[in-house]
Amino acid sequence: QTKQQLLAKWSKVENVTKIDYDLLKKLAAFALLIIIGILFRQYILKREHKKLQIAYGEVQKQKKKLKEQKKIYELIFDDAMDGILILDDGKFIDCNDSIVAMLKYETKEDIINRSPAQCSPLKQPDGKLSSEKVEEMIALAFKNRGHRFEWVHLNATGEEFWAEIVLTPVSIDKKEILHVVWRDISERKKLEFEIKELNRTLETKIETAVYALRRKDEILFKQSRLAQMGEMLSMIAHQWRQPLTAISATSSLIELKAKFNQLDNETAQQKANNISEYAQHLSRTIDDFRDFFKPNKEMKETSYDEVLSLVLGMIENSITNQNIKLHQDLNCHETFKTYPNELQQVILNLVKNAEDVLLEKEVKNGYIKLKTYEKNEKYILEVSDNGGGISDEIMVRIFDPYFSTKSDKNGTGLGLYMSKTIIEEHCDGELSVRNGSEGAVFRITLIKAEIGKNKYEE
Ligand SMILES: Nc1ncnc2c1ncn2[C@@H]1O[C@H](COP(=O)(O)OP(=O)(O)OP(=O)(O)O)[C@@H](O)[C@H]1O
Ligand SMILES: [Mg+2]
């Protein structure tokens, strides 16, 4: 019966036609969800894998780049012309090949762990101890975030050399080290020393040359004055001829009158007075000449008028006696402080030169013109003549010492050189020459602002 029952039940089951679709749907949905989940995970995994792969490639690339950069930096560090060192806690912890070469050691290891003072002489050129100065320089580098200075180093063979040093603080892992650059400046320093030495010796050379020139000038001054003295003697002879003739004529007259008993008291007194006047005139000329030759280096208040009248007092006669006219056109009457004797000497030189050219060329109606005027705060005196002027080749050498065209008259060729020295160096003025319409025009220019400065007291 049980069997029967089971069979019945079985067949019943067999015949169930109604399927639970709801459950089926749920099961299918669940399975689908799981499948999608698995697929999605696969997809994510794949994507992440790809990303990882890219990232890995990137890392490799960066690694390669870093390696290359490291190589470049190492090259820069090692092959740099400048010496590079790393200074940590007062000791070198690394350096490049240039430093090894500069210090003439075998390897870097010889330098690592040394202090800067150990690569320097005991003292720097300023006398300070290298060890103390090293501390100072390092402190300055940290304080100013960098420091540049010059330093004397000592290499392995005991030779000193100059270097320019640049210290730059660099932070690494919260620690500050110093990046040190050395540049060998021995050549530059050598040149600097040579130039300094050259300057020093040049100064003494110039001093000696200037001194020699001064001495030469002094000698030339003396020579020039001696030459003038000779001329002066002939001028004195000219000046004296007339009064001497007058004196001798007067005394002959007195003698004659006395002989014939015609010399009354009045005539005797008058003639004696005449003789005494002539004698005074002679005495004055002597004084004028003597003053002229006095080595007078004192400045005096004077004027062109005064100086010219003294010069003309000495030479007017000898000039007019040679049929040379003297024209005067005097328009500057200002007084100023100068060296009257020297100024007289210059004017005398210029007038004598004019006289010489007029006589040499036998100029008819020869004249010498003296002109003074004031213009733009300058006192000007011109000496001109109608002697035909100066040719170009002579013009460029006219103020040279010993340049003279007067061979037969034995010219010293010092007149114009000395005159230029006096006017330009003693009086801070100007002596120039140009050709006028009929002859040479020499111009003395005294500048108001420069007048009165005593050259001999400087
Ligand atoms: N007024 C002038 N006209 C033409 N030439 C001149 C004149 N003044 C000077 N010279 C020329 O300049 C030269 C140099 O003159 P400087 O006075 O220096 O010497 P010097 O007259 O020849 O000799 P010293 O002065 O000893 O008699 C003269 O030889 C002459 O050739
Ligand atoms: Mg002369």
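This section describes the domains, nonpolar cores, sheet and salt bridges of a predicted model.

The domain assignment divides the protein into three parts. Domain 1 covers residues 21–77, domain 2 covers 81–184, and domain 3 covers 296–458. The centres of domain 1 and domain 2, taken over C-alpha atoms, are 52 Å apart.

The largest nonpolar core contains 50 residues. Within this core, Tyr304, Ile347, Ile368, Phe442 and Ile444 touch the most other members. Several helices each supply at least two of its residues: helix 5 (186–259), helix 7 (304–320), helix 8 (340–360) and helix 10 (415–426). Strand 9 (367–375), strand 10 (378–385), strand 11 (430–435) and strand 12 (440–447) each do so as well. Phe442 illustrates the packing. Leaving aside neighbours within four places in sequence, Phe442 contacts Leu350, Leu381, Glu382, Val383, Ile390, Ile398, Phe399, Leu416, Ser432 and Val433. A second core is separate and holds 23 residues, including Ile111, Cys119, Ile138 and Leu167. In soluble globular proteins, nonpolar side chains tend to be buried together.

An open sheet is built from five strands. Their order is 7-9-10-12-11, and the pairing is mixed. The edges are taken by strand 7 (325–330) and strand 11. Each has a single partner strand, so one side of each lacks a neighbour in the sheet. Direction ignored, neighbouring strands are turned by 15° against each other on average. Six bridges link strand 11 and strand 12, which pair in the antiparallel sense. In this pairing, Arg434 stands opposite Val441 of strand 12.

Two helices are placed against these strands. Helix 7 packs on the sheet and touches strand 7, strand 9, strand 10 and strand 12. The direction of helix 7 makes about 170° with that of strand 7. Helix 10 lies across strand 11 and strand 12. Its angle to strand 11 is about 130°.

The structure holds 21 salt bridges. Side chains of opposite charge can pair when their charged atoms come close. One example lies in helix 2 (residues 21–79). There, the side chains of Lys51 and Glu48 meet with an N to O distance of 3.8 Å. That value falls inside the 4 Å cut-off for a salt bridge. Because Lys51 and Glu48 are three residues apart in the helix, about one helical turn separates them. Lys51 is partly exposed, with a relative accessible area of 48%. Glu48 is also partly exposed, at 34%.

Helix 5 provides two further examples. Glu197 forms a salt bridge with Arg200, and their closest N and O atoms are 2.8 Å apart. The two residues are three apart in sequence, so about one helical turn lies between them. Glu197 counts as partly exposed at 39% relative accessibility. Arg200 is partly exposed, with a relative accessible area of 48%.

The second pair in helix 5 joins Glu218 and Arg215. Their side chains meet at 3.4 Å, N to O. Here too, a spacing of three residues corresponds to about one helical turn. Glu218 is partly exposed at 42% relative accessibility, and Arg215 is partly exposed at 38%. Elsewhere, salt bridges that share partners join Glu150, Arg188, Lys189 and Glu192 into one network.

Key
Residues numbered from 1 in each chain as written. Chains lettered and ligands numbered in written order. Predicted model: local features only at pLDDT ≥ 70, side-chain atom pairs only at ≥ 80, totals over all residues. Heavy atoms only, no water. Core = buried A, V, L, I, M, F, W, Y, C linked by side-chain atoms within 4.5 Å. Buried < 20%, exposed > 50% of the residue type's maximum accessible area, 1.4 Å probe, protein only. Helix = DSSP H or I, 4+ residues; strand = E, 2+ residues; numbered from the N terminus. Contact = heavy atoms within 4.5 Å. Pairing = 2+ DSSP bridges. Axes fitted to C-alpha atoms, helices over the stretch in contact; angles between N-to-C directions. Domains from an automatic or database assignment.
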